[in-house]
Amino acid sequence: MKINQNIYITYQNDLYHSTKTSENMFGYGSVKIKRNTIATLLLIFSLTIIICTGIVSAEEEPTIINNTNTSQTPEPTINTDPTIKTTPTTQTINIKTTNYAAAGTPTFTQQEILNANTWVKNFIEKNKKLPSSVTINKINVNMPSFLKLITTLTLKIKKNDKKNIEYINYGNPKVTPQDTQKTGTMTQAKYLEIAGRIEDYMIRNQKAPPFSSYSPLGKYFGYENLIYTYSKILDNYNTNGQLPASIKIVPWNYVKSYAGKFTIQQTKTAANYLKTYVESNKKLPSSVPITGTDLNGQITNTHITLPAFLKLLTTTTLKIKNNDNTPTTLFNTYKNPTTTPQDTQKTGTMTQAKYIEIAGRIEDYMIRNQKAPPYSSYSPLGKYFGYENLIYTYSKILDNYNTNGQLPASIKIVPWNYVKSYAGKFTIQQTKTAANYLKTYVESNKKLPSSVPITGTDLNGQITNTHITLPAFLKLLTTTTLKIKNNDNTPTTLFNTYKNPTTTPQDTQKTGTMTQAKYIEIAGRIEDYMIRNQKAPPYSSYSPLGKYFGYENLIYTYSKILDTDNPTLPTNVGVYSWNLFCNFLGTFTIQQTTDAATYVKDYVDSEQKLPDIIPMNGSNLQGETVNIQVSLPCFLNLLTSITLKINNNDNTPAELMNYYKNPSAPKDCQRIGYMSLAKYVDIAGRVKDYMDRNHNAPNFSSYSNLGTYFGYENLIYTYSKILDAYSATSKQLPASVEIKLWKAIIDPNGLWRKPVYITCDNIDSDSEDWSMMNSICDYLNNLGLDGFAWGRGPNTHYTILNDNSIPQNALIVDIYGGACAGTIYEMGLSYYKNWKGNLKVFTIFINPPSWDIRKCPTRDIYGRNFLPKAGDDNFSGDILPDWGYNSKGQLVKGLSNPDKYMTKHGYNFLVTSYNVLKISIGIYEQSVL
């Protein structure tokens, strides 16, 4: 028989339904080869295989033949595809091209792949996405390669082929994967067919397919879904020992967004959580914790979004109504509303029929739009039934069902703003208890608390402990006061919507009594203002006790009004200035103050220090005599106040505030002597004025006739002595008071004393200069200091520093009749400071003849204060740092700002006239400070 001279070789494009044949396209359609060319073609084909067999390339590893791996031996198959036409005289051969791995390429056992497969399946069902890779036998396998492994394994299991499977690295799909599968069941025959097509595609193209188009459940069976589906098939096999007869297919979007499957009971539990959360926190949670069943059929705890929860709530409500007890499968695909939710519901009741209708409309809307609605417009209680309120309301419905076993016949609706800002419902007694708390707190702490703890009833009708803001508490106080007046015993529903005053509160009340009629009138005005403006007023201007009845004072005053065990309101209430109240320490009589002054004087004389605090008797705001602990700054203010009152024949008690602070750096250099009544009264007035302006005690008074600094501690001790003397005599202030140095008072043994060594340059004649120094020493000795005239001459200020007999705590006094720039400059240099050691150096310039270094008559080249180099300076050379002009206008070396230079290097100085008393006082103060 004559054989047909034409042989047809076909190559099936198995991922796509193409049966195209082409004379010029090999490996895509069918190629028709004439017999007279077959020998040539086979020769070329054989040579190609031989050449490829000998090539080893690291870059093209998947295309290398492994001659030792018999599991990869190609097997020609006969094409039985009905789309390929054949004739009886046509021999059709389907040649399957296989890419091989290089020698030594790793292989995986089937069990290793099965174990990795289970991990991948569990990962997907937990994380709703593919992993980036999976580790098999310490090798990270990417997902395309894993798809190849699991499809190959599926086929091998079907063929009962137990051989290992080689690992070959495949690439990702080149086009974006698509998945349009519907939920359904795929037969074993179909998933094996698709597995074969995937395997063939990947061998030819060295990459994963974006989809298969051979699923009966939708046009596109996407890449990710293929991996997930075959992982389920093999996981089933790993569990049951055989491939499943069929496998359930779900859309990949289903897998990615699967929230869970939830029973009615699980949904009710989550509804109770949300309802409780809202009623405790006055807002929705960010997500809802719920127990359900995952893709793997396992019971799991998860969180779902609020839009998804609204869908679950409405679906479950409808299921209960329809006696459908099946679980609800839920996806997290629902988005938040895309427009701002609005809620204009009024408080009222909604029937079951209406909320069932609205639930159905919400469910339909969400299925169509895959997002939550911003509101429903079908409520009879207002145009907008807002998104947040819908979630809260349906949570209440299911929570009610959870309690009673059936859907409620109706449900109470409240505005969402009501829910967000609901503070509670409070009885008169609960309000009075909170008022007592606030009154007690203010009287103990002299300020309002940040919020008010109170017991009341929450949205759920449960008794609860909560906190309310101060503006809301003012509203509650005034409303409750008005209710008591009107014999209205109903609880007050309160919202935390009231804001703080938007302008600064003012209070100018004077101490006095306000009648019931007046405080009732003011309460009504406050309530009206707060309802209209949703904020607290900064003050009321209707008090007869002052123009401004301040916000803080209103809260305190109405707390006092309600802080009573009586069922009726008080006929009047005491009112004080808020500033007075908050800072009020006590009221003290002259006798109470002089008793405390005696205590302080005796304490200092005995202990050589001030007490830390002064215990006193005084009167509180209620006029009761109480024990009061008075700080030293406050006591100084009281001492000066009482001294001034006695001097002015004013016998009224003194009100003392508690806001006076300690001074920052007291210092005292008083000399022993007597201060007249006129002087200490003058200083008392100045100290009190200073303290009332600054709410701070002064470091010192500079108005004493006995020294530059009359220190803070000495002021307290001195005025204590003054009032002690007043108490001990015929009730008159003493004509004078003895003043001492504070250091001498607390250290009578004189350890504070520094010896003073005096030098001077050649100011006048030798005898005159020594006479001046000796006179200064005599004056210092009379003040309790040891003064020594050490030497006279131009270099004594240096040589004295090398006298080892001088104690290191001494004060060295250098007196000059002229200012020398070189001498001053050297005092800042390191060698001079090393000579000086711990000695303290005080410099005195007698002006005239010396220049006043603070304001020299000459200027440097920049116009600054300038001391030129002295004409008789034959020692400083060229070390002076600055240039300026001398009194003749000549450009010379010198020292700019010599006064600042000395201060910078730690030296004090005095510029004074030739006055022994002034010089002596300056030295004394320098020694004792």
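Colleague: What makes S37-S36-S38-S39-S44 the order of an open sheet of five strands?

Modeller: The pairing in this predicted model is parallel and follows that order. Two strands pair if DSSP finds at least two bridges between them, and a strand is a DSSP run (E, at least two residues), numbered from the N terminus. Strands S37 (787-792) and S44 (908-912) each have a single partner strand, so they stand at the edges with one side left without a neighbour in the sheet. From one strand to the next, the twist averages 20°.

Colleague: How do you know that strand S38 and strand S39 are joined?

Modeller: Six bridges join S38 (residues 811-816) to S39 (residues 840-846), and a pair needs at least two, so they count as paired. For example, Asp814 has Thr843 as its bridge partner in S39.

Colleague: What makes helix H22 pack on the sheet?

Modeller: Helix H22 (residues 766-782) touches strand S36 (756-760), S37, S38 and S39; contact means heavy atoms within 4.5 Å. A helix is a DSSP run of H or I, at least four residues. The direction of H22 makes about 165° with that of S37, where angles run from 0 to 180 degrees between N-to-C directions of lines fitted to C-alpha atoms, for helices over the stretch in contact.

Colleague: And how do you know that S8 and S11 pair?

Modeller: Strand S8 (residues 184-187) meets S11 over four bridges, in the antiparallel sense, and at least two are required. Met186 stands opposite Ile247 in S11.

Residues are numbered from 1 along each chain as its sequence is written. Local features need pLDDT of at least 70, side-chain atom pairs count only at pLDDT 80 or more, and totals for chains, interfaces and linings use all residues, while side-chain values use heavy atoms, without hydrogens and water.
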